[in-house]
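Good morning, and thank you for the time on today's agenda. I would like to take you through one structure, beginning with a term that we shall need along the way.

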Amino acid sequence: MTSHRKHLVRDFNHFITCYICKGYLIKPTTVTECLHTFCKSCIVQHFEDSNDCPKCGIQVHETNPLEMLRLDNTLEEVIFKLVPGLREKEEQQEVEFWKRNKLKESPDENGPIYKKARVDEEDDVQGDGDYHRSDPQMAICLDCLRNNGQMGENIVKGLMKTFIRCSTRVTVGTIKKFLSLKLKLPSSYELDVLCNGEIMGKDHTMEFIYMTRWRLRGENDYPMVLEYRPRIDFG
């Protein structure tokens, strides 16, 4: 009869801890050039002073290494399942952090354009009961991307108000729902949302896109621009 060996959490520590802070990976973020993974906050802070991977030393990008980061949601879920109570602990620490650090009136040069948590009723895109009013807020411009002759172009129009303010935790999926509602699109109609020409995944948050995709981060406090268009079926 085959015996099954029990594995302890520490048996997996090599795979689920951050090389920089030595703690469990929080919002694990992978460098696409070398596939090394770190806490999101750790690697973003590291790239403020260096363009090299902190583990292997490879140059990640000549000018903007943040473009080469990808959030690993699957690994995050695995870690939360392996380590009892970690998710709850992190959520509590985040709540305490925002209690200690009141939302800023002025933009933060190292992050999204934070505002006090106040959402205009007409431009509300939060999508749940409390509207994330206690979250940091950021400004976004939603621009209709028009391609000549593209199917669906006559249905998808530009918004009357292209600038919105929303929580940094809002996902692309919520932005799509907001656009469908404002543009009165059929429920079956699909949109693509792009940043710098790259289609964004539905689970990407505005903060993640700002930190890893938006090329004008920190330049003259300009709002992040997201483009939308009818989904193109390459099949």
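A residue is called buried when its relative accessible area is under 20%, exposed when that value is over 50%, and partly exposed in between. Arginine 229 has a relative accessibility of 11%, and therefore counts as buried. Please keep in mind throughout that this is a predicted model.

Let me turn to the salt bridges. Side chains of opposite charge can pair when their charged atoms come close. In this structure there are six salt bridges, and I shall discuss some of them.

The buried arginine 229 has a partner, aspartate 192, and the closest N and O atoms of this salt bridge are 3.8 Å apart. In sequence the two are 37 residues apart: arginine 229 belongs to strand S8, residues 224–230, and aspartate 192 to strand S6, residues 191–195, so the contact links distant parts of the chain. Is aspartate 192 buried or exposed? Its relative accessibility is 4%, and aspartate 192 is therefore buried.

Aspartate 192 also meets arginine 231 in a salt bridge, with an N to O distance of 3.1 Å. Arginine 231 lies in the segment after S8 while aspartate 192 is in strand S6, so this pair ties together parts that are 39 residues apart in sequence. Arginine 231 is partly exposed, because its relative accessibility is 42%. Which residues do the shared partners bring into one network? They are Glu190, Asp192, Arg229 and Arg231.

Another salt bridge joins the side chains of arginine 87 and glutamate 77, at 2.9 Å from N to O. Here two helices are linked: arginine 87 is in helix H4, residues 86–100, and glutamate 77 is in helix H3, residues 73–82, with their positions 10 residues apart in the numbering. Arginine 87 is partly exposed at a relative accessible area of 30%, and glutamate 77 is likewise partly exposed, at 32%.

I come next to the cysteines. How many disulfides does a search of the whole structure find? The search finds zero. Consider cysteine 21, for which the nearest cysteine sulfur is that of cysteine 39, 3.8 Å away. A disulfide requires the two sulfur atoms to be within 2.5 Å, so cysteine 21 is in no disulfide. As for accessibility, cysteine 21 counts as partly exposed at 40%, whereas cysteine 195 counts as buried at 1%.

My next topic is the second largest pocket. Its volume is about 250 Å³. Of the 13 residues that line this pocket, His14, Phe15, Thr17, Thr37 and Lys55 are the closest to its centre. Helix H1, residues 13–16, and strand S2, residues 37–39, each supply at least two residues of the lining. Sorted by class, the lining of the second largest pocket comprises seven nonpolar, four polar and two charged residues.

Finally, I would draw your attention to threonine 212. This residue is found in helix H6, which covers residues 206–212. With a relative accessible area of 3%, threonine 212 is buried. Its side chain makes a polar contact of 2.9 Å with the side chain of arginine 213.

To close, I return to the network: salt bridges that share partners join Glu190, Asp192, Arg229 and Arg231. Thank you for your attention.

Methods
Residues numbered from 1 in each chain as written. Predicted model: local features only at pLDDT ≥ 70, side-chain atom pairs only at ≥ 80, totals over all residues. Heavy atoms only, no water. Buried < 20%, exposed > 50% of the residue type's maximum accessible area, 1.4 Å probe, protein only. Salt bridge = Lys/Arg side-chain N within 4 Å of Asp/Glu carboxyl O. Helix = DSSP H or I, 4+ residues; strand = E, 2+ residues; numbered from the N terminus. 1 Å grid on protein atoms, 1.4 Å probe; cavity = no way out; pocket = protein on both sides within 12 Å on 5 of 7 lines; lining within 4 Å. Points joined across faces, edges and corners; volume = space filled by probe spheres on them. Nonpolar A, V, L, I, M, F, W, Y, C, P; charged D, E, K, R; others polar. Polar contact = N/O pair within 3.5 Å; in protein donor to acceptor, adjacent residues only side chain to side chain.
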